Amino acid sequence: MKALRAQVRDALRPGLRGSAFEGAGARYSWAFLDESAKREIRRRMLKAIAIPGCQVPFGSREMPIARGWGTGGLQLTLALIGPGDVLKVIDQGSDDSVNAVNIKKFVQRVTGVAVTTDTRRATLIQTRHRIPEERLDSGQVLIFQVPIPEPLRLVEPSERETRRMHAEADYSRMWLYLYEDIVRYGEITVGARYPVMVNGRYLMDPSPIPRWDLPRLDRAENLFLFCAGREKRIYAVPPHTAVEPLSFEDFAFRVEDFAGRRCRRCGSSASYLDEVLDDATGGRSWVCSDTSFCEKRRRGAGPAEGERPGGAA
Amino acid sequence: MNPDPLLHVEDLAKRFVCHMQDGKVILGFEGVSFRVREGAALALTGPSGAGKSSVLKCIYRSYLPVQGRIRYRPLEGGEIDLARASETEVLRIRRAEIGYVTQFLSVLPRVPAVDVVAEPLITAGAPPAEARRRARAMLERIGIEPTLWEAFPATFSGGEKQRVNFARAVIRPPRLLLLDEPTASLDRRAMAVVIEVLAEMKARGTTMIAVFHEDSLLDSLMDERYRLPSKEAPP
Amino acid sequence: MTPLLSVRGLTQRYGTGCSACLELTGSRRETNRCPRCGAIVACRQVSFDLFPGEVLGIVGESGSGKSTVVRLLHFDEEPWAGEYRLAAASAADAGGGNLFALSPFARRRIRNEHMGIVYQHPRLGLRMKVSAGGNIAERLLMAGWRHVGRIRERASALLQQTEVPLSRMDEPPRNFSGGMQQRVQIAKALSTRPAVLLLDEVTTGLDVSVQAKVLDLIRSLQRELGIAMLVVSHDLGVIRLLTTRTIVMRYGEIIEEGLSDQILEDPQQPYTQLLVNSVL
């Protein structure tokens, strides 16, 4: 908690105008957003942290990238970042995807902060659809880009109705959806965007991370922040908060099973793997989705074996 | 035995206001007063149209009397005026203590005869199997063919319907039994059985108020009779 | 005897309303529309008790307010005035007082735990695209059931009890006939073993032979479970078959109440006499 408080205190410090952002002159504030926008976003973040899993509306700003390309995550990053931060941006586990690289470059340009691909070194990590394989600690914040913040949208189109459902903790419709899934397919077929209960109160959309990552949200050391720029919602999972995937007593929650497959590059059998098709040969192989993790292992610097979610081997 | 009458009817009157016929008033009966001791059998007499059946219906509360009192002494003690008691009270007393046999079958459709007869026992808490066993015994006694036991009484002849009705009313002997021409469409043999059953019930203490034709064998069971006052010309 | 459910002064008004609404409407005025402001007084000063195990009928023509009463008791809408008590709702739940004063959250819990409803239109009571078993499961899930196997056991038992073929348990009710949809509704309503079952014109619109079967089912369930029921119908046949006590409503008001056989054999009010004499 101490680290979290320091984080928030840092975040609430007035912006350091002009210190590193010289190229574009004084036309932009430090970290691009003007101070009032940052303050509003920080206040919303604090509220979201105070009510774990509850969606808090905020005035989503126009950003120099298109809505749907991470504007939510970017706004949180810019509102939270300080000159001493070290930034990492990943897209589905990869540090090198065009989207991740562009966001990283942009933030660096408007703040001058250090960037890294090393999960352990980063203080702020903006992510799309993954949680890094390496365990985060209390000094780190993970910021998710969220396409659809409302977990109940799947079963209820009306915003008014979903708000009522959250207010009354009436989640029977979501449970019914899972029941029907089991009746129809013999198991819960929800892959990404698997609904979770936060702190035993709010149903939350964890963003489209694989089920593999869900156990990492539970009682973590670090703060998780979520933001949907297009839908204008911020929510959070503070450190040490219980996060439980919905499951039935006789249909337990399960993470993806790679059936003993290993990463072609680093040999890991305990990390989330992406399937790769070789265009030339038509052969299939599997590689770690977390590129930084994979790289470290190949250099012999990373953990010997991946850390399986939930601690199970 | 309690010296007070079980039922004390005082100056009872029933008039029907027919709103669909410009408020025309039809007199059912008026000035009816009688007492029935516990365990006694009272015959209501009078010419056809004197309102004998209406008196029974008022006691059962199928009709709302317009005047007078129907003082009844329930098993649990005290006294209740059946003309004015709340519906819930009347229902409770009806279920526990009062039986009513009409000459018309008013039981529920699409229920086999054996279940029609067993229902009062089941309502009173008897196990269904036991209730049906006793219902079959009663149906047998009053001469309903076993082939009809599982059939719907709606398809029965008049006499059969009446016997099913009778069996339903007496399967669980009530404290007070209201009989409205219970033998009207029965042959001599069936009538004899009905009278035998009633005599047994009477011997075990059931109080009865009956309406029947003058020449009925039922006469032999009756201890007293009450002749309804003749009606004055309606206004 | 303590009533299971008790309603006092239940009043519902639609529209802006004025101070004269209650004065200018009702059965004495032969209208439920306020001539001054145009508001509809759907029901007014409705008070009654429902006792444990009792089947109480509410009869009246369309517009008499009988369905409004049911909707209010099921918390489907907010009343304008009135008090509502339910003995089954524990003192902690109900705060010992008027259920209408509770939060929507508390009311929904009480409804799910203690009430079942069967609507005239199955689409109001069922999710037509969700399986029949799922429809029943929803109430159990709401009550905190989290074991698929046990949920399916309970749903099967209920469908069996309401004579829906088990082979159709995982089919959505939109594939079913009207009569079978009503049976699924009944099974759903009974799923959490409620203290009170509200039946709103449950046989209206069904074929006569299907009507008879649904009514027989309700009657046998009543006898087996001893559940208290409020039966709303414009059909005196339904009232005769199911109820022991009856309330007659007109222009939003209770104009007569009594034992059902008395209402049918010796109706007092002109309107009730018309109703009884209009039976085909």
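This report covers chain contacts, two helix crossings and two buried loop residues in a predicted model.

## Chain contacts

Two pairs of chains touch, and chains B and C share the most contacts among them. Chain A and chain B do not touch. The nearest C-alpha atoms of chains A and B are 37 Å apart.

## Helix α6 of chain C

Helix α6 of chain C spans residues 132–142. It is mostly covered: 10 of its 11 residues are buried. The buried set begins with C:Ala132, C:Gly133, C:Gly134, C:Asn135 and C:Ile136. C:Ala137, C:Glu138, C:Arg139, C:Leu140 and C:Leu141 are buried too.

The cover comes from two chains. Chain A contributes α6 (172–185). From chain C, the cover includes α4 (104–114), β5 (115–118), α7 (148–161) and α8. After α6(C) comes C:Gly144, with a positive phi near 95°.

## α6 against α8 in chain C

Helix α8 of chain C runs over residues 178–190. The axes of α6(C) and α8(C) come within 8 Å and cross at roughly 25°. An angle under 35 degrees counts as roughly parallel, so α6(C) is roughly parallel to α8(C). The crossing is right-handed.

On the α6(C) side, the contact uses C:Ala132, C:Asn135, C:Ile136, C:Glu138 and C:Arg139. These meet C:Val184, C:Ala187, C:Lys188 and C:Ala189 of α8(C). By class, the residues of this contact are 5 nonpolar, 1 polar and 3 charged. C:Glu138 and C:Arg139, on the α6(C) side of the contact, are both among the buried residues of the helix.

## α3 against α5 in chain B

Chain B has a helix pair of its own to examine. Helix α3 covers residues 113–123 and helix α5 covers residues 158–170. Their axes come within 7 Å and cross at roughly 25°. α3(B) and α5(B) are therefore roughly parallel to each other. Their crossing is right-handed.

From α3(B), B:Ala113, B:Val116, B:Val117, B:Glu119 and B:Pro120 take part. From α5(B), the partners are B:Val164, B:Ala167 and B:Arg168. This contact holds 6 nonpolar and 2 charged residues, with no polar ones.

## A:Gln140, a buried loop residue

A:Gln140 sits in the loop between β4 (124–128) and β5 (141–145) of chain A. Its relative accessible area is 4%. Buried means under 20%, so A:Gln140 is buried.

What does the side chain of A:Gln140 have a polar atom 2.7 Å from? The partner is the backbone oxygen of A:Thr119. A:Thr119 is also one of the residues that A:Gln140 touches beyond four places in sequence. The others are A:Arg120, A:Ala122, A:Thr123, A:Ile125, A:Arg135, A:Asn222 and A:Leu223.

## B:Met222, a buried loop residue

B:Met222 lies in the loop between β8 (207–211) and β9 (224–227) of chain B. This residue is buried, with a relative accessible area of 12%.

Leaving out residues up to four places away in sequence, B:Met222 touches B:Ala41, B:Leu42, B:Ala43, B:Ala210 and B:Phe212. B:Leu177 gives a further distance: B:Met222 and B:Leu177 are 45 residues apart in sequence. In space, their C-alpha atoms are 13 Å apart.

Conventions:
Residues numbered from 1 in each chain as written. Chains lettered and ligands numbered in written order. Predicted model: local features only at pLDDT ≥ 70, side-chain atom pairs only at ≥ 80, totals over all residues. Heavy atoms only, no water. Axes fitted to C-alpha atoms, helices over the stretch in contact; angles between N-to-C directions. Helix = DSSP H or I, 4+ residues; strand = E, 2+ residues; numbered from the N terminus. Parallel < 35°, antiparallel > 145°, perpendicular 65-115°, else oblique. Left-handed = near helix turned anticlockwise from the far one by under 90°. Contact = heavy atoms within 4.5 Å. Nonpolar A, V, L, I, M, F, W, Y, C, P; charged D, E, K, R; others polar. Buried < 20%, exposed > 50% of the residue type's maximum accessible area, 1.4 Å probe, protein only. Polar contact = N/O pair within 3.5 Å; in protein donor to acceptor, adjacent residues only side chain to side chain.
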